[in-house]
Amino acid sequence: MEKPSSKTKELEFGGRFGTFMLIFLLPATVLYLLLMCKQDDPSLMNFPPPLPTIESLWEAKVFGVFLLWFFFQALFYLLPIGKVSWLVAIGSSWIINLWVRLKGGLSAAFSMVLSIYLYIRSLKAPEEDLAPGGNSGYLVYDFFTGHELNPRIGSFDLKYFCELRPGLIGWVVINLAMLLAEMKIHNQSMPSLSMILVNSFQLLYVVDALWNEEAVLTTMDIIHDGFGFMLAFGDLVWVPFVYSLQAFYLVGHPIAISWPVAAAITILNCIGYYIFRSANSQKNNFRRNPADPKLSYLKVIPTATGKGLLVTGWWGFVRHPNYLGDIIMALAWSLPCGFNHILPYFYVIYFICLLVHREARDEHHCKKKYGLAWERYCQRVPYRIFPYIY
């Protein structure tokens, strides 16, 4: 863990004004994307889409079911049966009415209430528990980025739980609901090939994340970012409702693809997944035990912190090979939706922007942390995400 500084001096995300605007812009973006998917013509020229009534966004009974979903996942998180718990959670989620999970407005309301709770409790947190990037002293900025690093209720780590469980599993459930909706609306005996590809690719991604969930402990979200509105909204609303956009789009805009095209898209996804998984495994295995004889072929640049920077293997190819694999997979998820509209490609466009921004944040933090060793590493590995593109 990074040792928190007394005050956050370098503000990110546009500072106080930028974070204030993002608190409103992020929910508006989710609402806009979901409304556009329901339009017969979801083109950018068809703006704005008809807005829903307040009554359609709020229903106490549905909100109660959403709370049941959240605490249901928390129960399985606490079970001392390791990776079996989330498998049971995915299978048992069918007990809950899948369709009410699609009430994104209620998820947004819950994430806002949770964010307010997190900020209020952080005001009493000791200095050493505050986030390095969320201790500016500005209310809106700290509320957005997260004031407390890893808030816990007893031994229950709120950020670690929300980072993977309810949002990722909710993403799978929504995708499955969209698959069933497509079959029902179009009177199909089985889902379309496009829908099968989207569900399969994204299910693989979620299962991989949950199976390797301990790897999240080395990410920027856990180490540096506090748990505030940014992560609460991202985990509980943005991930399940925006990441399932391709499946939602295919329900109202079915796309027929041939088996050769499906095979080509599958190969592309497999390439991306192989890069993503092998790069992450290489890094995580090295961090867990740098002295492992199986990793003796890896070369490193020593740093003043005692850690080594990998300069061979995937991490000698580009500085963020896992991001490269992520982007390739994101493209594969969008291709089954065809090329009639740009809407299903929002995810891959957004994801490239997100990873480029995150890469810049990584660069900044690593330069401060490793100093001259990081400069040597950059000279040895000049390419950031894409090979031969700085």
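# Questions on a predicted model

Trainee: How many of the residues of α13 are buried?
Mentor: This is a predicted model. Helix α13 runs over residues 321–334. Most of that helix is covered, and the buried count among its 14 residues is 13.

Trainee: How far apart are the end C-alpha atoms of α13?
Mentor: Start from the rise of 1.5 Å a residue. The 14 residues of α13 should then span 20 Å. The model agrees with that expectation, because the end C-alpha atoms are separated by 21 Å.

Trainee: What span should helix α7 have, at 1.5 Å a residue?
Mentor: Helix α7 takes in residues 158–185, which makes 28 residues. Its end C-alpha atoms sit 38 Å apart in the model. That agrees with the span expected at 1.5 Å a residue, 40 Å.

Trainee: How many residues of α7 are buried?
Mentor: The rest of the structure largely encloses α7. That follows from the burial count, because of its 28 residues the buried ones number 24.

Trainee: Which residue caps the N-terminal end of α7?
Mentor: Look at the backbone nitrogen of Lys-159. A side-chain oxygen lies 3.2 Å from that nitrogen. The oxygen belongs to the capping residue, Asp-157.

Trainee: Which residue with a positive phi follows α7?
Mentor: Most residues other than glycine have a negative phi. Here, a residue other than glycine has a positive phi, near 50°. It sits in the loop between α7 and α8 (193–211). The residue is Asn-187.

Trainee: Is Asn-187 buried or exposed?
Mentor: The cut-off for exposed is over 50% relative accessible area. Asn-187 has 71%, so the residue counts as exposed.

Trainee: Where is Phe-13?
Mentor: Phe-13 also has a backbone feature to check: its phi is positive, about 60°, although it is not a glycine. Phe-13 is also among the residues lining the largest cavity. As for its place, Phe-13 belongs to the segment before α1 (15–37).

Trainee: How much space lies in the largest cavity?
Mentor: The whole structure was searched, and three cavities of 30 Å³ or more turned up. The lining of the largest includes Glu-12, Gly-133, Gly-134, Tyr-141, His-224, Asp-225 and Arg-361. Its space comes to about 40 Å³.

Trainee: Which side chain does the side chain of Ser-278 join in a polar contact of 2.9 Å?
Mentor: Ser-278 is part of helix α12 (residues 259–288). At 18% relative accessibility it falls under the 20% cut-off, so it counts as buried. A polar atom of its side chain lies 3.5 Å from the backbone oxygen of Ile-275. The side-chain partner at 2.9 Å is Trp-314.

Trainee: How far from a polar atom of the side chain of Ser-111 does the backbone oxygen of Ala-108 lie?
Mentor: Ser-111 lies in helix α5 (residues 104–122). Its relative accessible area is 0%, so Ser-111 is buried. Leaving aside neighbours within four places in sequence, its contacts are Ala-232, Phe-233, Leu-236 and Val-237. From the backbone oxygen of Ala-108 to a polar atom of the Ser-111 side chain is 2.7 Å.

Trainee: What separates the C-alpha atoms of Trp-374 and Glu-363?
Mentor: Trp-374 belongs to helix α15 (residues 372–380). At 7% relative accessibility, Trp-374 counts as buried. Not counting residues up to four places away in sequence, Trp-374 touches Leu-309, Glu-363, Cys-366 and Lys-367. Trp-374 and Glu-363 are 11 residues apart along the chain, and their C-alpha atoms are separated by 8.9 Å.

Trainee: What share of the span 297–318 is helix?
Mentor: The unreviewed UniProt entry annotates residues 255–276 and 297–318, among others, as "transmembrane region". In the model, residues 255–276 are 82% helix and 0% strand, with end C-alpha atoms 28 Å apart. For residues 297–318, the end C-alpha atoms lie 18 Å apart. That span is 27% strand, and its helix share is 0%.

Trainee: What percentage of the protein's residues count as buried?
Mentor: The protein has 15 helices and four strands. Of contacts between residues at least 6 apart in sequence, 78% join residues at least 24 apart. Across the 390 residues, the buried share is 54%.

How values were computed
Residues numbered from 1 in each chain as written. Predicted model: local features only at pLDDT ≥ 70, side-chain atom pairs only at ≥ 80, totals over all residues. Heavy atoms only, no water. Helix = DSSP H or I, 4+ residues; strand = E, 2+ residues; numbered from the N terminus. Expected span 1.5 Å × (residues − 1). Buried < 20%, exposed > 50% of the residue type's maximum accessible area, 1.4 Å probe, protein only. Polar contact = N/O pair within 3.5 Å; in protein donor to acceptor, adjacent residues only side chain to side chain. Contact = heavy atoms within 4.5 Å. UniProt positions renumbered as here; feature names shortened; annotations may be inferred. 1 Å grid on protein atoms, 1.4 Å probe; cavity = no way out; pocket = protein on both sides within 12 Å on 5 of 7 lines; lining within 4 Å. Points joined across faces, edges and corners; volume = space filled by probe spheres on them.
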